[in-house]
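Reader: Hello! I am new to this structure and would love a close look at a single part of it. Could you pick one spot and walk me through its surroundings?

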Amino acid sequence: MKDWIRIVTGGIIIVMFLGALTGCKTQEAAKKQITLRVKIPPLTVANADTGITDSYEVLSKAGQEFAAQYTEWDVTVEVVKFGYTEEDEYITGCFDTDDAADILLEGYFNMSGYIHTGRVVPLDDIITEEMRADVDDMLWKMSQVEGKTYMLPYYSLQNTLIYNRDLFRQCGLAEYVGEDGTIQNWTPEEWEYILSTLAAGLPEMTYPMLMYAKNDQGDTHIMTLLRSKGSPFFDENGRFNLNTKEGIATLQWIADSYQKGYFPAGCENMEIVDCSDLFTNNQLAIYMANSATLPGMDRSSTGVANFPSLNGNGYNTSFVTGFEIFDNGDQEKVQAAKDFLRYFMSTEELMNYAQVGIPASNATAERVSQYIFMQEAYTANAGNTVDFTANNPNWRGVRDVFYTHIHELLVGTKTPQEVAEALDKECNAAIETGWKTSKLHQ
């Protein structure tokens, strides 16, 4: 009898055990599988502790580590890199498809436009008070629309001009060559002397200064040049305001400079990468760079200077790079994307890769300060930074038309007056379209 009871009891235990195993397998099989698609252009990063310089590697590593410890859903993080000229295809062109971006890491000047599509999710619910206090208010303001935070700042890059010290010296301009780690400013008179001296002294097929107008790549730097005769560029409402004495004078300066040989021959059909190649080949004396690209250059022969300004203090632009999340109709995927960003922003090693520029996180900046390239000089130069978008929507639309008129100016088919009128009309029309069609995430 006792043996029979033991057999029955043992059978019950086995059945319960097998049932429990079945239940676990069923629960495991029922866990939702989510693929988060993180998209990025070619962005460099830096971390002295690892030596990794490609953001693709960093995000892939972050995705694997996040998925390994995440328990809510079965998540796979897929990182997709696209070329700068392919952005429309990889972002807006993928809306409502299986290839749509869930997370984007990029510069704010493109990202901010997507907010007005209504697909970018506010992120205030994942920003802790500690996080809020760790980032300067200016960066939070740039990340917000109507009081809601749509972008998480990661790092900023300051864009300045750079120059070939050897070419300067060869042309008798040694007195304008500055010391390492400094950012120079030249008066308008000094600028004219430097450019004219370079034009007269450089070898054939070597040119004084960058210029290009083939496409919208690098157009921000041309916009910065358009301030050089005192134009504020925007009016008090954030609209283009180049049809003024100062704006026309700058456009005339660009046209005259081309005729004087200050720019590469055929620059109207060149893009910024062509000027980069010329600079690398010692065929261009003045180009542009930032704290991400400058360290890779020959520092012994490369100097740094601000863009020209009427007051002689010079201008620079600051590009903030950060994250945003798209709502593609799956709220669990949106939550997983938020959890990924929360994980990323709370992991010191991942945050340390922001040392490629000036980290948005003050704690990170302090932690890696010894590795931040020219931190003191760039910080001191922040007062010369100009706003190049005025937080306008449809900046992509602005960029689609801006370069076409610079092209016409360089070709000579339009006068500076006509170009100023066309830029104000068409760029402001794009901005107005942006505001009219703007909708925020509901």
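Author: Happy to! Let's start with the contacts of glutamate 324 in this predicted model. Leaving aside neighbours within four places in sequence, glutamate 324 is in contact with Asp102, Ile103, Leu104, Met111, Tyr114, Ile115, Val120, Tyr150 and Met151. The residue sits in strand 10, which spans residues 317-325. Is glutamate 324 buried or exposed? Its relative accessibility is 0%, so glutamate 324 counts as buried. Glutamine 355, by contrast, is not in that list of contacts: it comes 31 residues away in sequence from glutamate 324, and the two C-alpha atoms are 20 Å apart.

Now let's step back to the whole chain. It is divided into domain 1 (33-157 + 319-380) and domain 2 (158-318 + 390-437). The C-alpha centres of these two domains lie 29 Å apart. Where they meet, 17 residues of domain 1 are in contact with 22 residues of domain 2. Together the domains bury about 2000 Å² between them, with 57% of that on carbon and sulfur atoms. Leu157, Phe319 and Tyr378 supply 34% of the area that domain 1 buries against domain 2, more than any other three residues.

Polar links cross this interface too: the rule finds three residue pairs in polar contact there. Strand 10 returns here, since helix 4 (108-115), strand 6 (152-164), strand 10 and helix 15 (375-380) each supply at least two residues of the side of domain 1 that touches domain 2. The residues of that side divide into ten nonpolar, six polar and one charged.

Notes: Residues are numbered from 1 along each chain as its sequence is written. This is a predicted model: local features need pLDDT of at least 70, side-chain atom pairs count only at pLDDT 80 or more; totals for chains, interfaces and linings use all residues. Side-chain values use heavy atoms; hydrogens and water are left out. Helices (H or I, at least four residues) and strands (E, at least two) are DSSP runs, numbered from the N terminus. Buried means under 20% relative accessible area, exposed over 50%, partly exposed in between (1.4 Å probe, protein chains only). Contact means heavy atoms within 4.5 Å. Domain bounds come from an automatic or database domain assignment. Buried area is the accessible area (1.4 Å probe) that two parts lose on being put together, summed over both. A polar contact is a pair of N or O atoms within 3.5 Å; within protein, one must be able to donate a hydrogen and the other to accept it, and residues adjacent in sequence count only if both atoms are side-chain atoms. Ala, Val, Leu, Ile, Met, Phe, Trp, Tyr, Cys and Pro count as nonpolar, Asp, Glu, Lys and Arg as charged, and the others, Gly among them, as polar.
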